[in-house]
Amino acid sequence: MLEGWRWYGPDDPVSLDDVRQAGASHVVTALHQVPIGDVWTRKAVEERKNIIEKSQPGRSALFWSVVESIPIPDDVKRLGGKATRSIEAWIASLEAVASAGIKVICYNFMPVVDWCRTDLEWELANGARAMRFDQDRFAAFELHILQRAGALTEYSSAAQTRARAVFERMTQADIDYLVMVIASALPGSTTEPMTIPQFRNRLEQYRDIDSKVLRKHLIEFLAEVTPVAEQLGVTLTLHPDDPPRPLFGLPRIASSAEDYQALFDAVPSKANGICLCTGSLGVRAENDLPAMAERFAPRIAFAHLRATRREADGLSFHESDHLDGDVDMISVLKALLRENRRRAADNRIVFRPDHGHRMLDDLAATKRTNPGYTAIGRLRGLAELRGAIRAIEHDRMAAA
Ligand code: DNO
């Protein structure tokens, strides 16, 4: 498999030499400076590609192999095939990317909020910091800060009592932090930052959209974009919902094997692919990740490898070390490696170590880091994954 690394572009505190030193050669990035919905021009794509690939003489080569993500504007999620202008713009961006020779485009279809956490700097027992989703803090946000209409009925009275207790202990600074973490769009998010009143308005716009309607809209979108992608030899990989369950009363439709199967049945095009994100999917106990890797193998063009650990309440979770979460990472790797061997050399699976801890020198107060996207934490994750891959391949060769 090809070792990838997410890079946020020239402003990323992690440099391209850092990527090289981590040992990765396949850069995963997007034109993050382009507003959601605007067309990516060929010129802008070409410029970014040159920054990545035209390295100074003697440096190890880097390739821009995956685009993550071309954001899908909100109207496509709300209106499906009727959002013609937005879909046309998305196709134009896809064409610009394809013209630069990039073959994988990642996207997601989470309405209103992309990935969601309640803490970005949760202290682990070893002093490192991890991202965490704490269900009671989430409930405190939803019930007491956002004050979402109808939310109360979704919580048991015990959960409501816990949420109130969490909220009552919060200072104004704690509240501001939680709003920032949940509503103001984390780096790489494909949804817009929001104030609380804007958040309420967006939710109102989704009042009549349930999971059936949202799925129909995604299928209409895929019906438009996959023929173009297929013709250009591009695979579109749908990133799962993170966490993989409905939030804020909004539907989620990429949370389980059944969800993905429904999309593949509706749009069989080989351009309709999956980004296997073990950390996102692994939060849901029923998701059997090795089985999903096996079942969807031909459709996996891209993988996010990281691990999460569910906490005692079954809903809270935090990001664990890459090999030490609830996910059976070794079995996932074996399934991916089997698929990878079946493929032609120009069609290998790209994976990237996802979300590392903030640790060692990255803990320095002066150090600017993107949540989850520190150099050192991901370097550790990649090194562990690479070691596991080598060991698996070594045993397989020895047994042959
Ligand atoms: C968070 C990421 C997301 C993800 C996009 C995919 O770290 O997993 O930003 O890349 O949602 O479209």
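## Arg 148 and its loop

In this predicted model, Arg 148 sits in the loop that links α5 (135-145) to α6 (157-169). Is Arg 148 buried or exposed? Its relative accessible area is 14%. Buried means under 20%, so Arg 148 counts as buried.

Two glutamates meet the Arg 148 side chain. The side chain of Glu 142 makes a polar contact with it at 2.5 Å. The side chain of Glu 154 makes another, at 2.8 Å. Both glutamates also appear among the contacts of Arg 148 beyond four places in sequence. The others in that set are Leu 203, Phe 248 and Gly 249.

## α5 against α6

The loop of Arg 148 joins two helices that also pack on each other. The axes of α5 and α6 come within 8 Å. They cross at roughly 80 degrees. The two helices are therefore roughly perpendicular to each other.

Which residues of α5 meet α6? They are Asp 136, Arg 137, Ala 139, Ala 140, Leu 143, His 144 and Ile 145. From α6 come Gln 160, Arg 162, Ala 163, Arg 164, Val 166 and Phe 167. By class, this contact holds seven nonpolar, two polar and four charged residues.

## α5 against α7

Helix α7 (residues 172-183) also packs on α5. Here the axes come within 11 Å and cross at roughly 100 degrees. That crossing makes α5 roughly perpendicular to α7.

On the α5 side, the contact uses Arg 137, Phe 138, Phe 141 and Ile 145. On the α7 side, it uses Ile 175, Tyr 177, Leu 178, Val 179 and Ile 182. How many nonpolar, polar and charged residues does the contact of α5 with α7 have? It has eight nonpolar residues, no polar ones and one charged residue. Arg 137 and Ile 145 are in this α7 contact, and both also meet α6.

## Met 170, between α6 and α7

Met 170 lies in the loop between α6 and α7. Its relative accessibility is 13%, and Met 170 counts as buried. Beyond four places in sequence, Met 170 is in contact with Arg 137, Ile 175 and Leu 178. Those three residues also take part in the contact of α5 with α7.

Ala 89 gives a sense of distance. Met 170 and Ala 89 are 81 residues apart along the chain. Their C-alpha atoms are separated by 43 Å.

## The open sheet

Four strands form an open sheet in the order β5-β6-β11-β10, with antiparallel pairing. Why is one side of β5 (119-123) and of β10 (307-310) left without a neighbour in the sheet? Both stand at the edges, so each has a single partner strand. From one strand to the next, the twist averages 40 degrees.

β5 and β6 (residues 129-133) run antiparallel and are joined by three bridges. Trp 122 stands opposite Ala 130 in β6. The two strands form a hairpin with five residues between them. In the turn, Gly 127 has a positive phi of about 90 degrees.

β6 also pairs with β11 (residues 317-320), in the antiparallel sense, over two bridges. Arg 132 has His 318 in β11 as its bridge partner. Four of the five residues of β6 are buried, so this strand is largely enclosed by the rest of the structure.

## The barrel

Strands of a sheet pair through backbone hydrogen bonds, either parallel or antiparallel. In the barrel, the pairing is parallel. Eight strands close into it, in the order β1-β2-β3-β4-β7-β8-β9-β12. The twist averages 30 degrees from one strand to the next.

One pair in the barrel is β4 (residues 104-107) with β7 (residues 235-238). Four bridges join these two strands, which run parallel. Within the pair, Cys 106 has Thr 237 in β7 as its bridge partner.

Helices pack on this sheet. Helix α2 (residues 42-53) touches β2 (26-29) and β3 (63-68). Its direction makes about 130 degrees with that of β3. Helix α10 (residues 257-266) lies across β7 and β8 (272-277). Helix α10 runs at about 165 degrees to β8.

Technical notes. Residues are numbered from 1 along each chain as its sequence is written. This is a predicted model: local features need pLDDT of at least 70, side-chain atom pairs count only at pLDDT 80 or more; totals for chains, interfaces and linings use all residues. Side-chain values use heavy atoms; hydrogens and water are left out. Buried means under 20% relative accessible area, exposed over 50%, partly exposed in between (1.4 Å probe, protein chains only). A polar contact is a pair of N or O atoms within 3.5 Å; within protein, one must be able to donate a hydrogen and the other to accept it, and residues adjacent in sequence count only if both atoms are side-chain atoms. Contact means heavy atoms within 4.5 Å. Two strands pair if DSSP finds at least two bridges between them. Axes are lines fitted to C-alpha atoms, for helices over the stretch in contact, and angles run from 0 to 180 degrees between N-to-C directions. Angles under 35 degrees count as roughly parallel, over 145 as roughly antiparallel, 65 to 115 as roughly perpendicular and the rest as oblique. Ala, Val, Leu, Ile, Met, Phe, Trp, Tyr, Cys and Pro count as nonpolar, Asp, Glu, Lys and Arg as charged, and the others, Gly among them, as polar.
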